[in-house]
Amino acid sequence: MRARPLLGAFGAALLLSAGCGIPASSDVRVDGKAGTATEAGSSNGRSSEPPTRNASGSDNAAFVRNFLSAAAGEPDRAYERVKAFIAPEHKSRLQDKKGSEVALTVVRLRETVFTFNSDSTTTVKITVQQIGVLRTNGTLAPPVATETQYEFRLRSAALGGTGSDERAGQYLLDPPNVLLLSDVALQQYYQDESIYFWNSDRTRLVPDQRYLPYAVPDERRVNEVVRWLVGGPSDWLRPGVVGLPDGTELINNATGANNRWEVNLDMSGDDQSRVDQVITQLAWSLGDLPGELELKIRNNSQPVQDLDERRAAYQLYPVRESPQRYGVYEGAIRPLDFAGEPSGAVPLTPEVNRAIVSAGLARGVNRVLAALVVTSGRDRQRLAVGAGADTVAAVGRSAGEYASIGRPVWLRTADSRPAQGLVVADGRLYRFDEAARMSEVPLNLPSSEVTAVASALDGQRIALIAGGRLYVAALNLDGSGSGVSIGPPRALVTSLTNLTAVDWIGEDRLVVAGSAGQPAIYEISVDGALETPLRTDVGAKVNHLTAYPTNRSVRVPTGSYMYEANKVAYRSSPFERIEPERVRDVSAPPAGVRPSNPSAPFFLY
């Protein structure tokens, strides 16, 4: 099974940050040291069990970090692990829940303030950002709690007993009546998994992010994944996908040994093609697990399948070539040349390739798709759209003109149905088709001002920025290719503010531009739980951002992104400015004339 490391968490850098007004009459210490929880044993650098109560000795900061890790692991023992940190006389203040009601409140720790009291206890105030609720089915649901602070006390476990404080450790008094888990602990004690559901017309598998404790034994991991699939997709993804047939249940537990796995389902219907789709769904949902799978339907065995062969036979995404970099130079799309990377011709005729501001190009099934933002009169823009086998020779133009049009994106499909895409124009989200017909897409959001949209490789999920906030949503595409509806958007929590641009950099990761005190670019998980700073010294507002997403069908170096800020374009991997000499097929300017800067870079794949 895949053991893919989680994103590095920005919360680790902010875990215990300094800064607080301290009255002269109190004995207060603000701990500003960041760090991961003390490990209770690890494998391959990853801990499976969180540290015990006395692992931190008398170190207050370490105790708090460990307490915020205690709930991590298998849910049925979460309350037991947390209550081990609580003083015996206060254990009853944390009310136990059972079964599927067990839920962990995941928080990003901002600041911890310690106040030393005259009764030898220490008052702890932690400032947090609510991230979400980790449920027993491995999903991270939107946050329910609204608290930004929690307060409790610490006392020595040696009081009234024998032994030193270091050996006895400490106890927690006045515990919060929720199971708290820090984002640092989430990345330390869980691996993220993608399970897959078919889209509404069963032509494409769509990933659904889940978290599996490292403490779950290997022999039970297949069982957990099958249980997740039987339980259905995450709430936000549900409008765009279909689950297993109604009433499907797992008969006994999935079993396995010596690279052979057996799954027995009570599933309605005798449609063999549906059963075959379930096998494909299982093969991808089991990650990189090798070996053979025997699926039984009501104890009736299907032919044994080699998992690697099944994944090779059904590719997740129709991406067959490495990406090529392009940019806009003096109103035309030009290739960008970098050593060791492919560089192709521009798939537009000269008549089409002019007056361009930005573009979204994509390789469809046996053709190239082009969506171009072009100038139209004084300070106005139109959308120009076309398709061609290898080269786009003609485009249609939108009926309306706009003051500003964002980067257009195509919704990828696995077949040759008419293509459609999404674009932001004058703060509204529109669907467009191959004839450049645009229709507004209604959104139920607090702010109607949309500034960016991005589409995932599967073509069934999008990311949005509206009112400076980040959202994800599932799409339901009309089978005829003539319409698209968007499910209720889910707001994601992030440390960034004033967001300006977004794209997909992986099947469950986004690259987002905003402010972290100054302009910055972060990588953020699709549920908002985990984030990694990529650039914190951008220096100016990012108004254009594009990425080539990692994917499990094409094993090439990926995760690259490009952006534009203050009319200058940059690339990552390695990070550098995209200089004019990187632009191919242009003549050098006359002596004494400064060359133009390339702008609006993008990937073609």
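**Note on the pocket, helix H6 and the nonpolar cores**

1. In this predicted model, the lining of the largest pocket comprises, by class, 13 nonpolar, ten polar and five charged residues. The space in this pocket comes to about 630 Å³, and of the 28 residues that line the pocket, Ser404, Gly406, Arg407, Thr451 and Asn543 lie nearest its centre.

2. Several strands contribute to that lining, with at least two residues supplied by each of strand S21 (356–364), strand S26 (420–425), strand S29 (450–455), strand S34 (497–506), strand S38 (542–548) and strand S42 (599–604).

3. Turning to helix H6, which runs over residues 218–231, the 14 residues span 21 Å from the first C-alpha to the last, close to the 20 Å expected at 1.5 Å a residue. After H6 comes Gly232, which has a positive phi, near 95°.

4. Which residues of H6 are buried? They are Arg221, Val222, Asn223, Glu224, Val225, Val226, Trp228 and Leu229, and their cover includes strand S10 (190–199), strand S11 (205–213), strand S13 (249–250), strand S15 (260–266) and helix H7 (272–285).

5. The largest nonpolar core holds 49 residues, of which Leu295, Leu470, Val502 and Leu510 touch the most other members. Apart from this core lies another, of 40 residues, which has Ile86, Val106, Val107 and Phe152 among them.

6. For Leu510, leaving aside residues up to four places away in sequence, the contacts are Ala463, Leu470, Val472, Leu492, Val502, Asp503, Trp504, Ile505, Tyr522, Glu523 and Ile524.

Terms used
Residues are numbered from 1 along each chain as its sequence is written. This is a predicted model: local features need pLDDT of at least 70, side-chain atom pairs count only at pLDDT 80 or more; totals for chains, interfaces and linings use all residues. Side-chain values use heavy atoms; hydrogens and water are left out. On a 1 Å grid over the protein atoms alone, a cavity is a set of points where a 1.4 Å probe fits but cannot get out, and a pocket is an open set with protein on both sides within 12 Å along at least five of seven lines; lining residues have an atom within 4 Å of a point. Grid points are joined across faces, edges and corners, and a volume is the space filled by probe spheres set on the points. Helices (H or I, at least four residues) and strands (E, at least two) are DSSP runs, numbered from the N terminus. Ala, Val, Leu, Ile, Met, Phe, Trp, Tyr, Cys and Pro count as nonpolar, Asp, Glu, Lys and Arg as charged, and the others, Gly among them, as polar. The expected span of a helix is 1.5 Å times one less than its number of residues. Buried means under 20% relative accessible area, exposed over 50%, partly exposed in between (1.4 Å probe, protein chains only). Contact means heavy atoms within 4.5 Å. A nonpolar core is a set of buried Ala, Val, Leu, Ile, Met, Phe, Trp, Tyr and Cys residues joined through side-chain atoms within 4.5 Å.
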